[in-house]
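Work through the exercises below with the model open. Try each task before you read its solution.

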Amino acid sequence: MITSRWQLALLGAPVLLLLVVFLVLPYGEMFAMSFRTPGNGAPYGDALTLANYHKALGDPFYLGVLGRTLAVGAAITALCLLLSYPIALHLAHVSDRWHVVFYACVVSPLLIGVLVRNFGWMIILSFSGPLNQLLLALGLTDHPLRLLFNVEVVVIALVHVLIPFMVLPIADALRAIDPALYEASQSLGGSRWGTFCRVTFPLSMPGVLAGTVLVFVLAISAFVTPVLLGGQSVVLMPSIVIQQLIGAFAWPFGAALAMVLSLAMLAEIALLTLATRRFTRRIGRWS
């Protein structure tokens, strides 16, 4: 027993080391830096202060940016869930011969570099781009439309690239459902919609929760896409943090903004997890 425990500890040591080096230590350093005073000619001073958090939480501008960032992340997550669930349902029941092909199609947006993908969107949505040319040719407009530099384009572009992170966990959860449960539901007189509501969807909730958390975290931390496609019209928290760290060289205040965003993200994830558990229990009681 002791030997097996040591073997398990040794097997888990590399993963634990990676988490400590690349997650715990950076977050600890950022948390400590957020309490530092601004430095003169240096990234931060030696004294400690709460002024950074007072400014981050007391300034209506930064609170507005935080709320906008969380709202955009929630909208992207909801759209990804609505679009991804039917795709995942199809992937879970597709034959093995086409399984790899459909999975390759789903993950194809991830095979393109972030800059190439965003410049592709910029070309498509520009004044002389294919979309405006198509609208003019169809007579739907008499002048090119301004399609870039708005929050809607940012949402569409992020939904396009984040859908695989929602589809794959849900598809795995759906494939893990025992087919005998569907047969049992049908033998008891359950309709397709009733089987979906009482069997398929509740049992797929672990995949839904995993995909939702992944997409939400990636959406609110996205930087390149909002900057390139949103421009100055779409100001989100990651761009403010980068501006403070690199542009203004205000590392303590930038770290405080990053910590506020991280804590708000964790709070929303905790609320989502709690709501998911309550929903699953309520569905179980109805069944």
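The exercises cover two pockets and two helix contacts.

This is a predicted model, where local features need pLDDT of at least 70, side-chain atom pairs count only at pLDDT 80 or more, and totals for chains, interfaces and linings use all residues. Residues are numbered from 1 along each chain as its sequence is written, and side-chain values use heavy atoms, leaving out hydrogens and water.

**Exercise 1.** Describe the largest pocket and its lining.

Step 1. Fix the terms. On a 1 Å grid over the protein atoms alone, a pocket is an open set of points where a 1.4 Å probe fits, with protein on both sides within 12 Å along at least five of seven lines. Lining residues have an atom within 4 Å of a point. A volume is the space filled by probe spheres set on the points.

Step 2. Read the volume: about 300 Å³. Of the 17 lining residues, Met 30, Val 241, Leu 245, Ala 258 and Ser 262 are the closest to the centre.

Step 3. Find the helices (DSSP runs of H or I, at least four residues, numbered from the N terminus). At least two lining residues each come from α1 (2-33), α10 (205-220), α12 (237-247) and α13 (251-286). The largest share, seven residues, belongs to α13.

Step 4. Sort by class. Ala, Val, Leu, Ile, Met, Phe, Trp, Tyr, Cys and Pro are nonpolar; Asp, Glu, Lys and Arg are charged; the others, Gly among them, are polar. The lining has 14 nonpolar, three polar and no charged residues.

**Exercise 2.** Do likewise for the second largest pocket.

Step 1. Its volume is about 260 Å³. Among its 15 lining residues, Thr 77, Ala 78, Leu 81, Thr 212 and Leu 272 lie closest to the centre.

Step 2. Two or more lining residues come from each of α3 (60-93), α10 and α13.

Step 3. The classes are eleven nonpolar, three polar and one charged.

**Exercise 3.** How do α7 and α10 pack?

Step 1. Axes are lines fitted to C-alpha atoms over the stretch in contact, and angles run from 0 to 180 degrees between N-to-C directions. Helix α7 (residues 151-175) meets α10 at about 160°, with axes 7 Å apart. Therefore α7 is roughly antiparallel (over 145 degrees) to α10.

Step 2. List the contact (heavy atoms within 4.5 Å). In α7, residues including Leu 158, Phe 165 and Ala 173 take part. In α10, they include Gly 207, Leu 214 and Ala 219.

Step 3. This contact has 13 nonpolar, three polar and no charged residues.

**Exercise 4.** Which residues join α5 to α7?

Step 1. Arg 117, Trp 121 and Leu 125 in α5 meet Val 153, Ile 156, Ala 157, His 160 and Val 161 in α7.

Step 2. By class, six are nonpolar, one is polar and one is charged.

Key
Parallel < 35°, antiparallel > 145°, perpendicular 65-115°, else oblique.
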